[in-house]
Amino acid sequence: MSGVSIQNLNKAFPKEDGTATQALSGVDLEIGDTEFICLVGPSGCGKTTLLRIIAGLETATIGKVTIDDRPVTGPDPKRGMVFQEYSLFPWRRVIDNVAFGLEMKGMGKDERREVADRYIDMVGLSQFRDAYPYELSGGMRQRVAIARALANDPDVLLMDEPFGALDAQTRNRMQKELLSLWQQTKKTIVFVTHSVDEAVYLATRIVVLSPRPGSIQEIIDIPWTHPRDRTSAEFAEVRRKVLRMIDETENPQ
Amino acid sequence: MKYWRIIRDEPLSSRFGTNQTTGQEDMNRKTQKRLLGIASLITVAVIWQIVAQFVVKRSFILPSVTDVAAAFVNLLESGTLVADIVVSFQHFGIGLLAAFLLGVPIGILMGWFRVADFFLDPIIEVLRPIPPLAWIPFAIIWFGLTTQAAGFVIFVGAFFPILTATYTAFRSIPKVFVEAGKVLGCDTSFELIRHVALPAAVPAIASGIRIAMGVGWMCLVAAEMFGVSRSGLGYQLWHNYYLHQMPNVVVYMLILGFAGLAIDRIFRNYVDQKLLRWHAGEVA
C-alpha cells in the first residue's frame, strides 16, 4: 500500500513587507495505491507547491501529508521526483545518473550499475548508457530522469510538468511510454501539468485546483482504460469540461 | 586577455553555428594559422636584430637577438638557468598549493553556509584589496629569505581568485541539482557538497585556478625581485640588471614569459581532457 493522504494543507509564503502570499488553502486529498493523479489548474494556483510539499521540498504552514500513515518531514528517496527543468547531473554519464540514488544508499558499484541498467533498458536508452547528458535530446533527458527516480524504487512518483519543455510529438510519445512504465511498475503517480489534454490522456483522476489560494475545486474520475483515443467524443467532452472549469475560475464573470 | 584567448581558440564554424567547413579545410586552416604564427615571430626577430645592430648599436639599451641567444647558451651551460627555473617553480608550487588547499574549502564554506559567509566575508573584504607585494616585509620577517617566504607572497596573490571562484560557483549552482540530490537521498550538507555541489562547481573552480596561476606568476617575479629570495628567475633578472648584463635580463624575461605560457597551457589541456569531458570544451 502506498496511499498519500493530504489533510487540511495550507501554505503561505512570507513576503518582504511582512505579509504573506497564501498559496494553498485547506487542501484535502486522499490518493490511493497505484493511482495516476493529475493536478491541473490556472497558472499560479499552487499545483507545483502542493507537489513540492508532498516531496518534502517545502513545508506546509498548516496541515500535513502522510504516506502510509508516516508524516512527510523532508525529502526522501521513497518519493521519486521528476523536475520540469533538466535536472540530470551533467558531470555524470547516464548510467551513473540513474545509479545516483543507489550510490547514496551505499550499494556497491557493480550491483547498482546492474539495477540502473535495468531501468535504462526500461526507458529504452540502453545504447546511451555511457553518454553524458549534453549528448541527449530533451525527451531522452527526461526519460533518464524518470529512470533515475524509479531506480530508487519509490512508493510514489512525483512529476512536475516533466514534458512541459518538449515538442508536441515527443510529448505524445513520452506520455505513452510513461503509461507503459506505470503499468509495469505499478507506482502511484502524482503528475502536475498545465495541459488539460495531457491530464485527460493520462490520469485515473484529475484534480482541478482553484486560483490562488489554491484549493480543490473538483475531482474528476476517468475510469477509461489506457490507451485512450484523444479524438473520441468522450475525450473531447471531458477536456471541454475541465477547460471550462479552469477558464471560469481564471476569468470570473 | 584570458577571455580573448578563449574566443580566439574556438573554430570559426562553431562560433557562428555553421558547420560547413570540411575536415580538410579545417586542417588547411590550422596549418595556415601555424605557418603565419611562425612567420610573425621570425619577422619580429629580424626587425629586432636590425634595429639593435644597426640603429641602436648599444647592447646595454637594446640587446640584439644574437646577443640574447649567446647569453642564453652561456647561462644554460653554466647550469644556473635550470637551477633558477627549479627554484622559481618551487616558490610557485608552494604558493599555489597553499592557495588551493585553503581557498577551495573556505570558498565552499562561505558559498554553502550563510553563517560562514556572514562571518568570514568582512575579513576577506578587508584583506583582499591589500596588494600581495605589500606582504613582502612580513613574508621576510616571518619566514626569512626562504622558499616559504616567496611561496607566501604567491599564496596571497593566488588565494583570492581561487576563493572567489569557488564561492561564486557554489552560489550559482542550479537549485534543481541540489533538490534532485536531496530527493535522491543526500541527507546531509556534506553529502550534497561532495556529490552534487562540488562536481557542479569544478569548471568554475578550474578557471579560478587558472586566473590564480596568472596572478601567482606575476607575484613570483616581484617577490623574488624584491629580495624575498636569493635565487630564482625574478631574482636573477634583477641581479643581472645590477650587473648591467642586459642580454641576460632579456633571457630571463623570455624564460618567464614562456614558462608562464607553458604552465597555463599544460593546466588547461589537463583540465579539458581529464576532468571535464562532460563540459564539452566550454571550459575556461
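Which residue of β7(A) is the bridge partner of A:Arg79? In this predicted model, the partner of A:Arg79 is A:Val156. That pair is a good place to start a walk through chain A before we turn to chain B.

**The sheet of chain A**

The strands β6(A) and β7(A), the latter spanning residues 156-160, run parallel to each other and share 4 bridges. Strands in a sheet are held together by backbone hydrogen bonds, in either a parallel or an antiparallel arrangement. Here the sheet has mixed pairing: it is open, has 6 strands, and follows the order β6-β7-β8-β3-β9-β10 in chain A. At its edges lie β6 (79-82) and β10 (216-221) of chain A, each of which pairs on one side only. On average, neighbouring strands of this sheet are turned by 15 degrees against each other, direction ignored.

**Two helices that cross**

Also in chain A, helix α4 (residues 109-122) and helix α5 (residues 138-151) have axes that come within 9 Å and cross at roughly 135 degrees. Angles over 145 degrees would count as roughly antiparallel and 65 to 115 as roughly perpendicular, so α4(A) and α5(A) are oblique to each other. The crossing of α4(A) past α5(A) is right-handed. From α4(A), the contact uses A:Val115, A:Ala116, A:Tyr119, A:Ile120 and A:Met122, while α5(A) brings A:Ala147, A:Leu150 and A:Ala151. By class, this contact has 8 nonpolar residues, with no polar and no charged ones.

**Where the chains meet**

Let us move on to the contact between the chains, to which chain A gives 19 residues and chain B gives 15 residues. On the chain B side, two or more residues each come from α9 (175-183) and α10 (189-225). The largest share of that side, 6 residues, belongs to α9(B).

**Domains of chain B**

The domain assignment splits chain B into domain 1 (21-57) and domain 2 (60-279). Taken over C-alpha atoms, the centres of these two domains of chain B are separated by 31 Å. Their contact involves 7 residues of domain 1 of chain B and 6 residues of domain 2 of chain B.

The table sets out the residue classes for two contact sides of chain B.

| Contact side | Nonpolar | Polar | Charged |
|---|---|---|---|
| Chain B, touching chain A | 10 residues | 1 residue | 4 residues |
| Domain 1 of chain B, touching domain 2 of chain B | 5 residues | 2 residues | no residues |

Notes
Residues numbered from 1 in each chain as written. Chains lettered and ligands numbered in written order. Predicted model: local features only at pLDDT ≥ 70, side-chain atom pairs only at ≥ 80, totals over all residues. Contact = placed C-beta atoms within 7 Å. Nonpolar A, V, L, I, M, F, W, Y, C, P; charged D, E, K, R; others polar. Domains from an automatic or database assignment. Axes fitted to C-alpha atoms, helices over the stretch in contact; angles between N-to-C directions. Parallel < 35°, antiparallel > 145°, perpendicular 65-115°, else oblique. Left-handed = near helix turned anticlockwise from the far one by under 90°. Pairing = 2+ DSSP bridges.
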